[in-house]
Amino acid sequence: MSEVVSRLVALLYACAEHLGRAAPEGFAASIEARTSE
Amino acid sequence: MRGLDEGLLATNGNYLRTLDPHQGTAWLVEGNPVHPCWEYLPHMAAYVELIRVAGVPPPLVRFETPDSELNLDLGVLTPSGQTVLLGEVKARSAQLDSLLRFLPDFEQADPGRAAPVARGGPTGSQREAWKLAHQLWVLRPKVLWLVAPDDRRAFILDFRQHSLSLTPSTPDVAGYDLPRAMQGADTPRIAFVG
């Protein structure tokens, strides 16, 4: 995973945590797949 | 990421903030369980491109304008508020194709604000094109910049002879005559001209 995508995943997880919402299984993988399209 | 590192972008909880003090609400994830609001990724990148690549002063770049300013995704303004470049951002390139397919339906006249879907207003891609056409007719920008991930398309706009025409042009925003200097630091509100 590229550094940019790693940081993006971390950022979006932080947003989810802030909302108190659950990130679904495969959340990080889905971001990686989508951003590499 | 460069935009975050350089302070052009910031997050506050789940909210994305730019340097536009009049920006509307933009959140990065939504739903339960959460999913990313994909459109904001190319939206953030395009905002940074306008400032760092095209050299537009940050106060002249508007991001996610509020309802009272027609909900533009991106706008490059003159210091007096005239829209020079209007940017429309989508999560996928195919959505840009749909916009361009429906936009000619509105080349003869401003369709006005789209009625709510619940009251029989347009839906889907036709609604998106309708809203964009209204923005173009009312603001009369020189350049329309369409943005999707790894996809940039630009058009020179012409409103002469009472019709809207789009001429494809270079997608590189650095190639346009955009405002590159300003006095003061006030971000203008959008001026309606049409």
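Student: At roughly what angle do the axes of helix α1 and helix α2 of chain A cross?

Tutor: Start with the general idea: two packed helices are described by the angle between their axes and the distance between the axes. This is a predicted model, and in it the axes of α1 (residues 3-19) and α2 (residues 27-35) of chain A cross at roughly 135° and come within 10 Å. That angle makes α1(A) oblique to α2(A). As for hand, the crossing of α1(A) and α2(A) is right-handed.

Student: Which residues make the contact?

Tutor: From α1(A), look at A:Val5, A:Leu8, A:Val9 and A:Leu12; from α2(A), at A:Ala28, A:Ile31, A:Glu32 and A:Thr35. Sorted by class, the contact of α1(A) with α2(A) has six nonpolar residues, one polar and one charged.

Student: Now the two chains. How many residues does the contact take from chain A and from chain B?

Tutor: It takes 15 residues from chain A and 12 residues from chain B. On the side of chain A that touches chain B, α1 and α2 of chain A each supply at least two residues. The most comes from α1(A), with eight residues. By class, that side of chain A divides into 10 nonpolar, one polar and four charged residues.

Student: Over to chain B, then. At what angle do the axes of α3 and α4 cross?

Tutor: Read this pair the same way you'd read any helix pair: take the angle and the distance between the axes. Helix α3 (residues 93-102) and helix α4 (residues 124-139) of chain B have axes that cross at roughly 65° and come within 8 Å. So α3(B) is roughly perpendicular to α4(B). The hand of the α3(B) and α4(B) crossing is right-handed.

Student: And which residues meet there?

Tutor: B:Ser98, B:Leu99 and B:Phe102 in α3(B) meet B:Ser125, B:Gln126, B:Glu128, B:Ala129 and B:Leu132 in α4(B). That contact of α3(B) with α4(B) divides into four nonpolar, three polar and one charged residues.

Student: Let's try a strand residue. Is B:Phe155 buried or exposed?

Tutor: Here you count neighbouring C-beta atoms. B:Phe155 is buried because 20 other C-beta atoms lie within 10 Å, and 20 or more is what the label asks for. You'll find B:Phe155 in strand β9 (residues 151-158) of chain B.

Student: What is B:Phe155 in contact with, leaving aside its neighbours within four places in sequence?

Tutor: B:Leu144, B:Leu166, B:Thr167, B:Pro168 and B:Ser169. Try another pair too: B:Phe155 and B:Leu85 are 70 residues apart in sequence, yet 9.8 Å apart in space, C-alpha to C-alpha.

Student: What about backbone oddities? Which residues does a cis peptide bond join?

Tutor: For this one, check omega. The cis bond joins B:Asn32 and B:Pro33, with omega about 5°. B:Pro33 sits in the loop between β3 (29-30) and β4 (35-36) of chain B.

Student: And phi? What is the phi of B:Leu70?

Tutor: B:Leu70 has a positive phi of about 70°, although it is not a glycine. Its place is the loop between β5 (61-63) and β6 (74-77) of chain B. B:Leu70 counts as partly exposed because it has 19 C-beta neighbours inside 10 Å.

Student: Where is B:Arg140 found?

Tutor: In the loop between α4 and β8 (143-148) of chain B. B:Arg140 is not a glycine either, and its phi is positive, about 50°. With 18 other C-beta atoms within 10 Å, B:Arg140 is partly exposed.

Methods: Residues are numbered from 1 along each chain as its sequence is written. Chains are lettered from A and ligands numbered from 1 in the order in which they are written. This is a predicted model: local features need pLDDT of at least 70, side-chain atom pairs count only at pLDDT 80 or more; totals for chains, interfaces and linings use all residues. Helices (H or I, at least four residues) and strands (E, at least two) are DSSP runs, numbered from the N terminus. A residue is buried if 20 or more other C-beta atoms lie within 10 Å of its own, exposed if 12 or fewer, and partly exposed in between; C-beta atoms are placed from the backbone. Two residues are in contact if their C-beta atoms, placed from the backbone, lie within 7 Å. Axes are lines fitted to C-alpha atoms, for helices over the stretch in contact, and angles run from 0 to 180 degrees between N-to-C directions. Angles under 35 degrees count as roughly parallel, over 145 as roughly antiparallel, 65 to 115 as roughly perpendicular and the rest as oblique. A crossing is left-handed if the near helix is turned anticlockwise from the far one by less than a right angle, and right-handed if clockwise. Ala, Val, Leu, Ile, Met, Phe, Trp, Tyr, Cys and Pro count as nonpolar, Asp, Glu, Lys and Arg as charged, and the others, Gly among them, as polar.
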